[in-house]
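Visitor: I would like to go through this model with you. Could we begin with the strands and then turn to the helices?

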Amino acid sequence: MSTDHVQIVLTAGVCAIAVGLVGLGLAWLIRFLSIRWQLGLVSVVAVSAVLAGVVGTARRMFISKHDWGVVALVALVAGLVALGVALAVGAAIAHWSQSLQEDVRRVGARGTHVAVRRGPSELQALSDELARTSERLEESRRRELRLEESRRELVSWVSHDLRTPLAGMRAMTEALEDGMAPDPERYHRQIRAEVDRMVRMVDDLFELSRIHAGVLRLSPEPVMLGDLVSEAIAGADPVARARGVRLGGSVEDGVEVSADPAGLSRVISNLVMNAIRHTPSDGVVEIRGRSVPEGVELSVTDGCGGLSEQDMERVFDLAWQGSTARTPEPGGSGHTSGAGLGLAIVKGIVEAHQGLVRVENVGAGLPGCRFLVQLPARAAVGAADTPGAPA
């Protein structure tokens, strides 16, 4: 490269850098204005850098005045065209941005947004993300509504389930005080049974409060699933016999799971008692346990008659009592409703073990439900930050 070429490059570079620095300063001053003016400034800086380089080289006599004039006119025309194009593109981007702002306002007001393909890819990506955010917000609102409804139902059912035994115990104690009880011993036994039932209800409420607060403490240790299932069957067998329900099941030999023994035992017991309560007399409740690639799977199958799609979505909600499809016919098992806490507790404990629980309909002739609990081979140790049983 000759000396003249080097001098031309240095002169043009210095002039372009000077114009660029001035442009950066102006860009800083108009940084809060519309993007159309910033794009216009970019085009002006580009053309000005060319003109400054031409002026600098002209002063050093590298080009003639005639050539300088020609270059200046060409650069001026090109600059005007570039400025027009930049302003047009800036106006289009500003319009797309305003449309996106309107979409954001609509999401804030109504919570819904449908992605529209407009503008450059960055704005399209923002629109797509806004649509996904809208879907998540809508799902959160639905969950909040379901949770609020569950809370109202819980208060209603608990109030009912506490008011009835309290009224009965008050009547029995008054009869005992007045000496009007024909069989005081029977009254005492009945009062004790009602107290035990209310204690169990309070224990369930306390367990749910710990689950929702994320302070449920787990102490995982290796336990044989077959032992827990055997204990649950032995404990529920008298209730099943009283209702005329056949209770049975099996667990694969050697199936071991790392879990909190008390928590997992409560899960199995709640599922079995729920199955017995919703199975008519002469029905069957079966418990199965096996190893699966994901860990350990436990299933409890009943003869409840099946669940509707709406009930399947709410079966683990607080205070869910089920529909008539899950209530045995009169003269069957004598179904007695609880406060709808058992399955909510099941979900909370299973999720605290990093597991999953779900329900599905099974059977054609004698339809029922199968509750499936899937636990990992190794459970997390320590406190369980549970997301809460009801969703």
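Guide: Certainly. In this predicted model, β7 and strand β8 (residues 368–376) pair in the antiparallel sense, over seven bridges. Within β8, Gln374 stands opposite Leu356.

Visitor: In what order do the strands of the sheet run?

Guide: The order is β3-β5-β6-β8-β7, an open sheet of five strands with mixed pairing. The edges are taken by β3 (246–251) and β7 (356–362); each has a single partner strand, so one side of each is left without a neighbour in the sheet.

Visitor: By how many degrees are neighbouring strands turned against each other?

Guide: On average by 15 degrees, with direction ignored.

Visitor: Which strands does α6 lie across?

Guide: Helix α6 (residues 225–243) lies across β3, β5 (284–292) and β6 (295–301). Its direction runs at about 175 degrees to β3. Helix α7 also packs on the sheet, where it touches β3, β5, β6 and β8. The direction of α7 makes about 175 degrees with that of β8.

Visitor: At what angle do α6 and α7 pack?

Guide: At about 30 degrees, with their axes 9 Å apart. Because the limit for this class is under 35 degrees, α6 is roughly parallel to α7. Their crossing is right-handed.

Visitor: Which residues make that contact?

Guide: From α6 they are Leu225, Leu228, Val229, Ala232, Ala236, Val239, Ala240 and Arg243. From α7 they include Pro261, Leu264, Ile268, Val272, Met273 and Ile276. By class, the contact of α6 with α7 has 13 nonpolar, two polar and two charged residues.

Visitor: And how far apart are the axes of α7 and α9?

Guide: The axes of α7 (residues 261–277) and α9 (residues 342–352) are 9 Å apart, and the two helices pack at an angle of about 150 degrees. That makes α7 roughly antiparallel to α9. Here α7 passes α9 in a left-handed crossing.

Visitor: Which residues meet there?

Guide: Gly263, Arg266, Val267, Asn270, Leu271 and Asn274 in α7 meet Gly342, Leu343, Ile345, Val346, Ile349 and Val350 in α9. The contact of α7 with α9 divides into seven nonpolar, four polar and one charged residues.

Visitor: A change of topic: how many aromatic pairs does the structure hold?

Guide: It holds one aromatic pair. The ring centres of Phe316 and Phe371 are 6.0 Å apart and the planes stand at 85 degrees, so the pair is edge-to-face.

Visitor: Where do Phe316 and Phe371 lie?

Guide: Phe316 lies in the loop between α8 (309–314) and α9, while Phe371 belongs to strand β8. The pair therefore ties together parts that are 55 residues apart in sequence.

Notes: Residues numbered from 1 in each chain as written. Predicted model: local features only at pLDDT ≥ 70, side-chain atom pairs only at ≥ 80, totals over all residues. Heavy atoms only, no water. Axes fitted to C-alpha atoms, helices over the stretch in contact; angles between N-to-C directions. Helix = DSSP H or I, 4+ residues; strand = E, 2+ residues; numbered from the N terminus. Parallel < 35°, antiparallel > 145°, perpendicular 65-115°, else oblique. Left-handed = near helix turned anticlockwise from the far one by under 90°. Contact = heavy atoms within 4.5 Å. Nonpolar A, V, L, I, M, F, W, Y, C, P; charged D, E, K, R; others polar. Pairing = 2+ DSSP bridges. Phe/Tyr/Trp six-rings, centres within 6.5 Å; stacked < 30°, edge-to-face > 60°.
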